[in-house]
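Thanks for agreeing to look this one over with me. Here are a few notes to read alongside the coordinates, in no strict order.

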Amino acid sequence: MAVEKALISVNLFTNHRSIKDGGEPVSIDCPNCFKETYDLEEDVCLICEESVERECQLCGSHIPFSELDGSGNCGYCNHMISKDD
Ligand SMILES: [Zn+2]
Ligand SMILES: [Zn+2]
């Protein structure tokens, strides 16, 4: 899909600049459609328009972009849940 390809390459370009400047990436892999089109600034996926929770439902802390998986929990809480003991 041409539009999608264009979007992704624009995002990759912006990401590259943003990471070089020491900030968070502009976009990440979407937890819903798994394309690298989830816009962290707008908090919405450019392709599927899904929006994920950025605050942990359990501990209320800000979820780092690397731990966003659409579960609504931070990596630590997800780890505690999956431990199950
Ligand atoms: Zn998506
Ligand atoms: Zn948490």
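1. Let's start with I47 and its surroundings. Setting aside residues up to four places away in sequence, I47 is in contact with E4, C30, C33, K35 and T37. Please keep in mind throughout that this is a predicted model.

2. One of those partners deserves a second look, namely E4. In sequence, I47 and E4 are 43 residues apart, yet their C-alpha atoms lie 7.4 Å from each other in space. If you have the viewer open, this pair is a nice one to pick out.

3. Is I47 buried or exposed? The answer is partly exposed, because 19 other C-beta atoms lie within 10 Å, while a residue is called buried at 20 or more. As for its place in the chain, I47 belongs to the loop between strand 3 and helix 2.

4. The loop that holds I47 also holds S61, and here the flanking elements are strand 3 (44-45) and helix 2 (75-83). S61 has 12 C-beta neighbours inside 10 Å, so it counts as exposed; the cut-off for that class is 12 or fewer.

5. Which residues does S61 touch, leaving out those up to four places away in sequence? They are C56 and C74. You may also like to check S61 against N73: the two are 12 residues apart along the sequence, and the distance from C-alpha to C-alpha is 8.9 Å.

6. Now for the chain as a whole. It has 2 helices and 3 strands, and reading from the N terminus the elements follow the order α-β-β-β-α.

7. The strands come together in an open sheet: 3 strands in the order 1-2-3, with antiparallel pairing. Strand 1 (27-28) and strand 3 are the edge strands, each pairing on one side only.

8. For a closer view of the sheet, take strand 1 and strand 2 (residues 38-39). These two run antiparallel and are joined by 2 bridges. Within this pairing, I28 stands opposite Y38 in strand 2.

9. Two overall figures to finish with. Of the 85 residues in the chain, 14% are buried. Among contacts between residues at least 6 apart in sequence, 20% join residues at least 24 apart. The contact of I47 with E4 is one to set beside that second figure, given a sequence separation of 43 residues.

Technical notes: Residues are numbered from 1 along each chain as its sequence is written. Chains are lettered from A and ligands numbered from 1 in the order in which they are written. This is a predicted model: local features need pLDDT of at least 70, side-chain atom pairs count only at pLDDT 80 or more; totals for chains, interfaces and linings use all residues. Helices (H or I, at least four residues) and strands (E, at least two) are DSSP runs, numbered from the N terminus. Two residues are in contact if their C-beta atoms, placed from the backbone, lie within 7 Å. Two strands pair if DSSP finds at least two bridges between them.
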